[in-house]
Amino acid sequence: MTAHVKTEEFALNLPEGVFAETVLSVTHYTDRLFRFTMTRPASFRFRSGEFAMIGLVVDGKPLYRAYSVASPSWAEELEFFSIKVQEGPLTQHLQAIKPGDKVLMRKKPTGTLVLDALTPGKRLYMFSTGTGIAPFASLIRDPETYEKFDEVILTHTCREVAELKYGFDLMDEIKADEMLSEIVGDKLKHYATVTREDFPFKGRITDLIENGKLFTDLGVPPLDPAVDRAMLCGSMAMIKDTAVLLEKAGLTEGANNKPAEFVIERAFVG
Ligand code: A2P
């Protein structure tokens, strides 16, 4: 029996602490990436940027993985941006979901990529690679981000151009949303680069910070701990190397209970 049928059976008798939600839409971007939305339980509260445990019943047991909620905290639906791994214990099944199927979600969200974990600043950088853009998809659609910062810079680096599509779709969706586009105004900048294909903007974000191209391209001054704040999400290697550069520029790492100038979270792989 397929994972979705098993999950439906499991949903009939849910244990404490677990929701079973209905898939509303699925968009496949590449053979490695897809986006899906599902219903949001009325009692599920989260802060934009947090992640939740998402799952399906696999081999008779619920199997969960951490997924950043990509929709903002005010949205009626929950959105997720996922990798597809052919042998991935969860994603080999999750990639086959269709509208109407059930997906499990543990009730408690958590995470460090939240506005409260940063001290006040003027410019917020969101550095992402691959599916690490997901928590920022949430934050760039949250009005609170623009109450707290004058300028928001979302960088997204992938190996190939096709992998950037979700980010461009997000920008189009924001522009098309009358209320949100008014709140966002010209505060949001999207800086997308690829590392293994031809594209006008090329290179690892670490190199672009180090050689200053990021700042010249955007027309902003170099990193300054007095005004700049940052959030990092993506591959472990990118996070580690970017954190070193931020520290070199004088920014310190914060957490929920100790706000500072930047926060990190690795992107989760299914
Ligand atoms: P590259 O193609 O040069 O390895 P992945 O698909 O491996 O998770 O990588 C996603 C993106 O992150 C790729 O564009 C990759 O560049 C980039 N990347 C990988 N490692 C680092 C690193 N240490 N610093 C900055 N960017 C990195």
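These notes cover the ligand site and the salt bridges of a predicted model.

1. **Where the ligand sits.** The ligand occupies the largest pocket. Its shell is made up of Thr129, Thr157, Cys158, Arg159, Thr195, Arg196, Arg204, Thr206, Ser235, Ala237, Met238 and Asp241.

2. **Character of the shell.** How many shell residues are nonpolar, polar and charged? The shell around the ligand has 3 nonpolar, 5 polar and 4 charged residues.

3. **Which elements contribute.** Two elements, β8 (151-158) and α9 (236-248), each provide at least two residues of the shell. The top contributor is α9, with 3 residues.

4. **Polar contacts and cover.** Thr195 uses its side chain: an N or O atom there is 2.6 Å from a ligand oxygen. Cys158 uses its backbone, with an N or O atom 3.3 Å from an oxygen atom of the ligand. Ala237 also uses a backbone N or O atom, but its partner is a ligand nitrogen, at 3.3 Å. On its own the ligand has 550 Å² of accessible area, and the protein covers 80% of that.

5. **Salt bridges.** Side chains of opposite charge can pair when their charged atoms come close. The structure contains 14 salt bridges. One of them joins the side chains of Asp116 and Lys148, at 3.4 Å from N to O. What does this pair tie together? Asp116 is in the loop between β6 (102-106) and β7 (123-129), while Lys148 belongs to helix α4 (residues 143-148), so the bridge links parts that lie 32 residues apart in sequence.

6. **What to look at on screen.** For the ligand, start with the side chain of Thr195, then the backbone of Cys158 and of Ala237. For the salt bridges, go to Asp116 and Lys148.

Technical notes:
Residues numbered from 1 in each chain as written. Predicted model: local features only at pLDDT ≥ 70, side-chain atom pairs only at ≥ 80, totals over all residues. Heavy atoms only, no water. Near = heavy atom within 4 Å. Polar contact = N/O pair within 3.5 Å; in protein donor to acceptor, adjacent residues only side chain to side chain. Areas by Shrake-Rupley, 256 points an atom, 1.4 Å probe, with all protein chains shown as cover. 1 Å grid on protein atoms, 1.4 Å probe; cavity = no way out; pocket = protein on both sides within 12 Å on 5 of 7 lines; lining within 4 Å. Sits in = over half its atoms within 2 Å of the grid points. Helix = DSSP H or I, 4+ residues; strand = E, 2+ residues; numbered from the N terminus. Nonpolar A, V, L, I, M, F, W, Y, C, P; charged D, E, K, R; others polar. Salt bridge = Lys/Arg side-chain N within 4 Å of Asp/Glu carboxyl O.
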